[in-house]
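Hi,

Here is the structure I said I would pass on to you. Have a look at it first, then read my notes underneath.

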Amino acid sequence: MTVLSIIFGVLLVIFGISCMFTPLITFLDAGWFIVILLAVYGILAIVRSAAKKNFGASFFFGILSLIVAVATMFFPGLMVLNDWILLYLAAGWFVIQGILAVVLAIKTRKLSKLWILRLIMGIIAVLLGAYSFFHPLLLAVSVGYLIGFYFIESGFMMIVSSAASKK
C-alpha cells in the first residue's frame, strides 16, 4: 500500500505541474469536477431519501442536481455557463470575505495589535473580488494555478506520509 501511495503522490505532483503550465485549461476542466460532484450528490441524495422513505427537500435537490449534471454533460454551452458562474461566485466570495474581514478587524482592533493586518488583507480581498468581476479571465488563470498548487502539495504530502509510515 505504501508503494501505491508513493506512486499516486508522484502522479499528483506531475499533474499539478501540468496544471501550472496550463492554468486556463485546468480551470475549464474544473467545471467537469463540479458536474461530477453534482451527479454524485444527486444520486446519493436520491438513494438516501428512498432508503429513509423521506421524499422532501433532500430528494428534490438530489433530482435537481442530477438533472443539472446530466444536462451539463450533454449540452456544452451549459458547461461554459457553469464555468462563468463559478468565476463570478469566486469573485463574490472574495468581496464578501473581504468585507467580513474588514468588519472583524474594526471590531477587534482593541483586542489585537494585528488588527491592521486583518484590515489590510480584507481591503485587498475586496479589491481583488471587485477586479475579478470586471476581469474574470485573471481569476480563471488564478484558479488554474491554485488547483495545480493543490495537486503538487497533496502529492508531496502523500509521498512524505507514505515514506514516514514505512519507517
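Below is what turned up, starting with a pocket and moving on to the surface and the loops. Keep in mind that this is a predicted model.

**The pocket**

A good way into this topic is a simple trick: rolling a probe the size of a water molecule over the atoms shows where empty space is left. In this model, the largest pocket holds about 190 Å³ of space. Which residues line the largest pocket? They are Ala-30, Phe-33, Ile-34, Leu-86, Leu-89, Ala-90, Trp-93, Val-143, Ile-147, Tyr-150 and Phe-151. Three elements give two or more residues each to this lining: helix H2 (23-52), helix H4 (76-107) and helix H6 (136-166). Sorted by class, the lining has 11 nonpolar residues, with no polar and no charged ones.

**The nonpolar patch**

Now turn to the surface. A nonpolar patch there is formed by Trp-32, Ile-36, Val-40, Leu-44, Val-70, Met-73, Phe-74, Phe-75, Leu-78, Leu-81, Ile-85 and Leu-89, and together they have about 1,100 Å² of accessible area. H2, helix H3 (57-74) and H4 are the elements that give two or more residues to the patch. Leu-89 is worth finding on your screen, as this residue belongs to the patch and also lines the largest pocket.

Take Phe-74 as one member of the patch. This residue lies in helix H3. Is Phe-74 buried or exposed? Its relative accessible area is 62%, so Phe-74 counts as exposed.

**Some loop residues**

Lys-53 sits in the loop between H2 and H3. Its phi is near 55 degrees, a positive value in a residue other than glycine. For background, most residues other than glycine have a negative phi. Lys-53 is also exposed, because its relative accessible area is 68%.

Next comes the loop between H4 and helix H5 (115-134), where you will find Lys-110. Lys-110 has 77% relative accessibility and therefore counts as exposed. Its C-alpha atom is separated by 35 Å from that of Tyr-88, with the two residues 22 apart along the chain.

Arg-109 is in the loop between H4 and H5 too. At 41% relative accessibility, Arg-109 counts as partly exposed, because that label covers values between 20% and 50%. From C-alpha to C-alpha, Arg-109 and Leu-119 are 9.3 Å apart in space, and they are 10 residues apart in sequence.

Happy browsing!

Notes: Residues are numbered from 1 along each chain as its sequence is written. This is a predicted model: local features need pLDDT of at least 70, side-chain atom pairs count only at pLDDT 80 or more; totals for chains, interfaces and linings use all residues. Side-chain values use heavy atoms; hydrogens and water are left out. On a 1 Å grid over the protein atoms alone, a cavity is a set of points where a 1.4 Å probe fits but cannot get out, and a pocket is an open set with protein on both sides within 12 Å along at least five of seven lines; lining residues have an atom within 4 Å of a point. Grid points are joined across faces, edges and corners, and a volume is the space filled by probe spheres set on the points. Helices (H or I, at least four residues) and strands (E, at least two) are DSSP runs, numbered from the N terminus. Ala, Val, Leu, Ile, Met, Phe, Trp, Tyr, Cys and Pro count as nonpolar, Asp, Glu, Lys and Arg as charged, and the others, Gly among them, as polar. Patches are made of residues with over 30% relative accessible area and no salt bridge: like charges are joined within 9 Å, nonpolar side chains (Val, Leu, Ile, Met, Phe, Trp, Tyr) within 5 Å. Accessible areas come from the Shrake-Rupley method with a 1.4 Å probe; for residues, only the protein chains shown count as cover. A salt bridge is a side-chain nitrogen of Lys or Arg within 4 Å of a carboxyl oxygen of Asp or Glu. Buried means under 20% relative accessible area, exposed over 50%, partly exposed in between (1.4 Å probe, protein chains only).
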